Every structure is written in structure tokens, then in C-alpha cells.
Amino acid sequence: MIELTSRQRKLLEKYAQSMNPVVMVGQSGVTPAVEDMTDKSLASHELLKVSFVEFKEEKRELAAALAEKCGAAVVRIIGNKVILYRPAENPGSRKYEKELSKI
């Protein structure tokens, strides 16, 4: 799992502020389809928001489990939205690495 400093979290949170949720957790919860969609979205975007429409009380545990399954880090949980980050596998296509390494 990726370890982020508080400054790195703050920077990633700033980038995610204008984003819309890409993945929604509904009445079925965190299913393999949700895990697969999250994994594919992280592979292409690196940073994304997950919205909890249902299971709002368990969002912390579910977000941590989802992040662990996808090899990502939970940047922040704000309301019923979770920000996840995982750097791209190809170092040449990483969007946020330069900014995060400066901190």
C-alpha cells in the first residue's frame, strides 16, 4: 500500500476537488464489478473519487478494503466521497509524481 505524507495528501486533495465521482457504490456494495471498475479507472486516471450512495456508515472500512484490493491509497474521505490515488505503472505517464516528489 502507498504511504502518503500529509502534504502529499493535501496536494492530491486539491487536484481532486474539481473531479466528479467516477465510481459509485450502490445497494450491492463493493462488488467485484466495482473493484474492477475502480482498478481500471485508477490505471487510466491515477486519482479518482468514489461516491457512496449506500453503505454510508461503513464507508471507511469499505474504502480501505477497496484501496487495498486495488493497491491504492485513501487520500481523504470527505462526506460520502472517497479520494483514491495510485501512480501509473508506466513511470513516463505519471501525472502527479513530479509535484508529489517536490514535497
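## Exercises on a predicted fold

Leaving aside neighbours within four places in sequence, V50 is in contact with V23, V25, L66, N80, K81, V82 and L84. The exercises below start from this residue and work outwards through the model, which is a predicted one.

**Exercise 1.** Determine which residue is the bridge partner of V50 in β4, and how β2 and β4 run relative to one another.

*Solution.* Begin with the contacts of V50, which include V82. The bridge partner of V50 in β4 is this residue, V82. Next consider the two strands as a whole: β2 and β4 are joined by five bridges, and they run antiparallel. The general background is that strands of a sheet pair through backbone hydrogen bonds, either parallel or antiparallel.

**Exercise 2.** Work out the strand order of the sheet and identify its edge strands.

*Solution.* On the other pairing of β2 (residues 47-52), three bridges join this strand to β1, and here the two run parallel. Within this pair, M24 stands opposite S51. Extending the picture to four strands gives an open sheet in the order β1-β2-β4-β3, whose pairing is mixed. The edge strands are then β1 (23-25) and β3 (73-78), each of which pairs on one side only. Between neighbouring strands of this sheet, the average turn is 25°, with direction ignored.

**Exercise 3.** Establish which helices pack on the sheet, and whether the faces of β2 are covered or open.

*Solution.* Take the helices in turn. Helix α1 (residues 6-16) packs on the sheet and touches β2, β3 and β4 (81-85), with its direction making about 65° with that of β3. Helix α2 (residues 32-45), by contrast, lies across β1, β2 and β4 and runs at about 155° to β1. Together with the strands β1 and β2, helix α2 makes a right-handed β-α-β unit.

Now turn to burial, for which the cut-off is under 20% relative accessible area. In a regular strand, side chains alternate between the two faces of the sheet. In β2, the residues L47, K49 and S51 on one side are buried, as are L48, V50 and F52 on the other, so that both faces are covered.

**Exercise 4.** Find which residues have the most contacts inside the largest nonpolar core, and which element gives the most to this core.

*Solution.* The largest nonpolar core has 15 residues, and those with the most contacts inside it are L42, V50, F52, V82 and L84. The elements that give two or more residues to it are β1, α2, β2, α3 (59-70) and β4. Of these, α3 gives the most, with four residues. A second, separate core has 11 residues, among them L4, L12, A16 and Y85.

**Exercise 5.** Explain why the protein can be called as compact as a globular protein of its length.

*Solution.* First set out the architecture: four helices and four strands, which follow the pattern α-β-α-β-α-β-β-α along the sequence. The radius of gyration is 13 Å, close to the 13 Å that the globule rule gives for 103 residues, and therefore the protein is as compact as a globular protein of that length. Along the principal axes, the C-alpha trace spans about 40 × 25 × 25 Å. Finally, 35% of the 103 residues count as buried, and among contacts with a separation of 6 or more, 71% are between residues 24 or more positions apart.

Technical notes. Residues are numbered from 1 along each chain as its sequence is written. This is a predicted model: local features need pLDDT of at least 70, side-chain atom pairs count only at pLDDT 80 or more; totals for chains, interfaces and linings use all residues. Side-chain values use heavy atoms; hydrogens and water are left out. Two strands pair if DSSP finds at least two bridges between them. Axes are lines fitted to C-alpha atoms, for helices over the stretch in contact, and angles run from 0 to 180 degrees between N-to-C directions. Contact means heavy atoms within 4.5 Å. Buried means under 20% relative accessible area, exposed over 50%, partly exposed in between (1.4 Å probe, protein chains only). A crossover is right-handed if, with the strands pointing away from the viewer, the path from the first strand over the helix to the second runs clockwise. A nonpolar core is a set of buried Ala, Val, Leu, Ile, Met, Phe, Trp, Tyr and Cys residues joined through side-chain atoms within 4.5 Å. The radius of gyration is taken over C-alpha atoms; the globule rule is 2.2 Å times the number of residues to the power 0.38.
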